[in-house]
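Hi everyone, thanks for coming. I'd like to walk you through one structure today, so let's bring it up on the screen.

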Amino acid sequence: MTDPVTLDGEAKIGEFDEKRAENAVRELLIAVGENPDREGLQETPARVARAYREILAGLRQTPEEVLTTTFDLGHDEMVLVKDIEIVSLCEHHLLPFHGVAHVGYIPAESGKITGLSKLARLVDVFARRPQVQERLTTQVADSLMRILDARGAIVVIEAEHMCMSVRGIRKPGAKTTTSAVRGQLRDPATRSEAMSLIMAR
Ligand SMILES: Nc1nc2c(ncn2[C@@H]2O[C@H](COP(=O)(O)OP(=O)(O)OP(=O)(O)O)[C@@H](O)[C@H]2O)c(=O)[nH]1
Ligand SMILES: [Zn+2]
């Protein structure tokens, strides 16, 4: 197995060990009192391993990889993509949290901008890891600043956590909102313009 490395977005984590994941799921089925050899469960460890590989694909991607396409359009005002669907995995319970991300930035003075789809890809790089919502929000904003030399960035995420709806406190429908605001978007007027665009339905 490859050595694990940090989750700072700059380094890649080790390979996905499918066999090990399968064995762990089989063990979990036994631990909860199930029979992993009964007909309906025989393929389950392999299916679950594949599902985790997909849901956690961001562990093997870096934000630099997805923000490579840049154009110089000379556009130097805010670009905002709203309602990007996200599904992530809460690192405390390994249960999903899902909702939407709104991602905006003010391009570098050079006018260096990226493709719109790349903003959604960037969100996925960090969402597809074991996460807490606050860190997911921060990592997206910091990547825009660092990689695009953006003059400002704003990321707002609204999500429902399955760990709060299906277990524990059991409050389905409760939504958590987190934001990260960087650079020129911290200026009150610019920030409030961005927030009203984000909140407009
Ligand atoms: N700040 C933050 N907390 C989270 C996130 N996802 C889950 N949590 C919380 O992490 C906490 C873990 O608390 P613990 O007391 O260690 O675990 P627990 O006994 O399962 O907690 P309960 O959910 O209250 O039953 C809970 O309050 C969760 O709601 C997240 O993205 N951000
Ligand atoms: Zn949780």
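Let me start with what the record says: UniProt, in an unreviewed entry, places the feature "binding site" at Cys90, His93 and Cys163. These residues span 74 residues in sequence, yet no two of their C-alpha atoms are more than 7.8 Å apart, so they gather at one spot. Please keep in mind that what you're looking at is a predicted model. If you'd like to find Cys90 on the screen, look in strand β2, which runs over residues 79-90.

Now, which residues are around ligand 1? In this model they are Cys90, His92, Val132, Gln133, Glu134, His161, Cys163, Met164, Gly168 and Ile169. So two names from the UniProt site come back here, Cys90 and Cys163. Sorted by class, the shell around ligand 1 has five nonpolar, four polar and one charged residues. Two helices to look for are α5 and α6, the latter at 162-165, since each supplies at least two residues of that shell.

Let's stay with α5 and look at a neighbour of this helix. Helix α4 covers residues 116-127 and helix α5 covers residues 133-148; their axes come within 9 Å and cross at roughly 135 degrees. That angle makes α4 oblique to α5. As for handedness, the crossing of α4 and α5 is right-handed. Who meets whom? On the α4 side we have Leu122, Val123, Phe126 and Ala127, and on the α5 side Leu136, Gln139, Val140 and Ser143. By class, this contact of α4 with α5 has six nonpolar, two polar and no charged residues.

There is another helix pair I'd like to show you, earlier in the chain. Helix α1, residues 18-31, and helix α2, residues 44-55, have axes that come within 8 Å and cross at roughly 125 degrees. α1 and α2 are therefore oblique to each other, and α1 passes α2 in a right-handed crossing. From α1, the contact uses Glu18, Ala21, Glu22, Val25 and Arg26, while α2 brings Thr44, Pro45, Ala46, Val48, Ala49, Tyr52 and Arg53. How do the residues of this contact divide by class? We get seven nonpolar, one polar and four charged. Put that beside the α4 and α5 contact, with no charged residues.

Finally, let's zoom out to the whole chain. It has seven helices and seven strands. Read along the sequence, the pattern is α-α-α-β-β-β-β-α-β-α-β-α-β-α. Along its principal axes, the C-alpha trace spans about 60 × 40 × 25 Å.

One last item from the record: the UniProt annotation "domain: GTP cyclohydrolase I", again from an unreviewed entry, covers residues 22-198. That span is 39% helix and 28% strand, and its end C-alpha atoms lie 42 Å apart.

That's my tour. Thanks for listening, and I'm happy to go back to any view you like.

Notes
Residues are numbered from 1 along each chain as its sequence is written. Chains are lettered from A and ligands numbered from 1 in the order in which they are written. This is a predicted model: local features need pLDDT of at least 70, side-chain atom pairs count only at pLDDT 80 or more; totals for chains, interfaces and linings use all residues. Axes are lines fitted to C-alpha atoms, for helices over the stretch in contact, and angles run from 0 to 180 degrees between N-to-C directions. Helices (H or I, at least four residues) and strands (E, at least two) are DSSP runs, numbered from the N terminus. Angles under 35 degrees count as roughly parallel, over 145 as roughly antiparallel, 65 to 115 as roughly perpendicular and the rest as oblique. A crossing is left-handed if the near helix is turned anticlockwise from the far one by less than a right angle, and right-handed if clockwise. Two residues are in contact if their C-beta atoms, placed from the backbone, lie within 7 Å. Ala, Val, Leu, Ile, Met, Phe, Trp, Tyr, Cys and Pro count as nonpolar, Asp, Glu, Lys and Arg as charged, and the others, Gly among them, as polar. A residue is near a molecule or strand if its C-beta atom, placed from the backbone, lies within 6 Å of it. UniProt positions are given in the numbering used here, feature names are shortened, and annotations may be inferred rather than shown by experiment.
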